[in-house]
Number of protein chains: 2
Amino acid sequence: MSMPLNPAAAPAGRGQSQAIDLIRKIDRIDGHWQPRVVAEMNDYQFKVVKVQGEFPWHVHADTDETFVVLEGELKIAIRGGADAGDGECAGGEAVIVLRAGQMAVVPRGVEHQPSADAEVKMLLIEPRGVVNTGDGAPGARTVANDQWV
Amino acid sequence: MSMPLNPAAAPAGRGQSQAIDLIRKIDRIDGHWQPRVVAEMNDYQFKVVKVQGEFPWHVHADTDETFVVLEGELKIAIRGGADAGDGECAGGEAVIVLRAGQMAVVPRGVEHQPSADAEVKMLLIEPRGVVNTGDGAPGARTVANDQWV
């Protein structure tokens, strides 16, 4: 697979109709908490990222967000959320622990804080245009959207 | 995690706010080519499935579709599709080969045929309501939607 000259620009085919090796893509990213788009499905984006440490608490009022862990162990603390059916987060706080091969969907409007004691490689799935640090003012961790790898 | 009494019904939380082990879910499915929903993100569904052999050629005119391979080697033959940027499928036929940790997005309107020489376990992502065998009349492989595991 040939790479575009500018790795930050969207390729002509939006990453479709081709095999995408997720870990290989992540290994081309410098730094943690730097999501990069690898493909689009309708108006959704697949983003790969490696993370370590604590991310700020944030919320996306208008969309659910999906995390698929490829390597490592990710924790997602959630609070103030809708009841997930088990009563664990009906206004309280809970922690979702995800290991390789596991995924979780964080509902819209639920405050969450991803963290990783050791490096985690993962796939994020969410609509195009979602800001990584959530609603409100940008912060130190806010990353520009639509950067491809 | 407690399982619903009827494994085919959608759980109250739509599979959200919890860790989902994809292979463990697949191991609870009987038979090949039997996709089962594990979670929803907005109006999209995450479906797990194990497959072996050849699936019929089909097309989804209105939506892209995503395949993420968890175990095994999946082939997706595509034809008559839009140019993916590399010129390989501008009206011709091509085969996408996916191994564990790899994904592909098949664009709307592109005829495709998944196949697997040996068993493959994978995750499908697509809007709620997409028929597995595509547009047109149902066939022997058509499976009812909204069956959860």
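**The interface of chains A and B and selected residues**

Across the interface of chain B and chain A, 0 salt bridges are found by the rule applied, in a model that is predicted. Polar contacts, by contrast, are present across the interface of the two chains, where 18 residue pairs, both members at pLDDT 80 or more, are found. On the side of chain B that touches chain A, the elements giving two or more residues are the strands β1 (20–21), β2, β3 (44–54), β6 (93–99), β7 (102–106) and β8 (111–127) of chain B. Sorted by class, this side of chain B comprises 20 nonpolar, 10 polar and 7 charged residues.

The size of an interface is often expressed as the accessible area that is lost when the parts come together. For chain B and chain A, the area buried between them is about 3000 Å², and carbon and sulfur atoms give 58% of that area. Of the area that chain B buries against chain A, 22% is supplied by Ser17(B), Asn42(B) and Met103(B), which is more than any other three residues supply. In terms of residues, the contact takes 37 from chain B and 37 from chain A.

Chain A has 1 helix and 8 strands, and its elements, read from the N terminus on, follow the order β-α-β-β-β-β-β-β-β. Chain A consists of 149 residues, of which 50% count as buried. When contacts in chain A between residues at least 6 apart in sequence are considered, 71% of them join residues that are at least 24 apart.

Within chain B, the surroundings of Arg36(B) were examined in some detail. Arg36(B) lies in strand β2 of chain B, which spans residues 36–41, and β2 is also among the elements that give two or more residues to the side touching chain A. Although Arg36(B) is buried, it has no salt bridge, the nearest side chain of opposite charge being that of Asp30(B), 7.7 Å away; since a salt bridge requires a side-chain nitrogen of Lys or Arg within 4 Å of a carboxyl oxygen of Asp or Glu, the pair formed by Arg36(B) and Asp30(B), at 7.7 Å, does not qualify. The side chain of Arg36(B) does, however, make a polar contact with the side chain of Gln34(B), at 3.4 Å. When residues up to four places away in sequence are not counted, Arg36(B) touches Ile29(B), Phe46(B), Lys47(B) and Val48(B), together with Val143(B), Gln147(B), Trp148(B) and Val149(B).

In the loop between α1 (22–26) and β2 of chain B lies Gly31(B), which is partly exposed, with a relative accessible area of 37%. The C-alpha atoms of Gly31(B) and Thr133(B) are separated by 16 Å, while the two residues stand 102 residues apart along the chain.

Backbone angles were also considered. Most residues other than glycine have a negative phi. In chain A, Arg14(A) has a phi near 55°, a positive value in a residue other than glycine; Arg14(A) is located in the segment before β1 (20–21) of chain A and is partly exposed, at a relative accessible area of 27%. In chain B, a positive phi, near 60°, is likewise found for Asp146(B), a residue other than glycine. Asp146(B) is placed in the segment after β8 of chain B, and with a relative accessibility of 38% Asp146(B) counts as partly exposed.

Terms used: Residues numbered from 1 in each chain as written. Chains lettered and ligands numbered in written order. Predicted model: local features only at pLDDT ≥ 70, side-chain atom pairs only at ≥ 80, totals over all residues. Heavy atoms only, no water. Helix = DSSP H or I, 4+ residues; strand = E, 2+ residues; numbered from the N terminus. Buried < 20%, exposed > 50% of the residue type's maximum accessible area, 1.4 Å probe, protein only. Lys, Arg positive; Asp, Glu negative; His and termini not counted. Polar contact = N/O pair within 3.5 Å; in protein donor to acceptor, adjacent residues only side chain to side chain. Contact = heavy atoms within 4.5 Å. Buried area = accessible area lost by both parts, 1.4 Å probe. Nonpolar A, V, L, I, M, F, W, Y, C, P; charged D, E, K, R; others polar.
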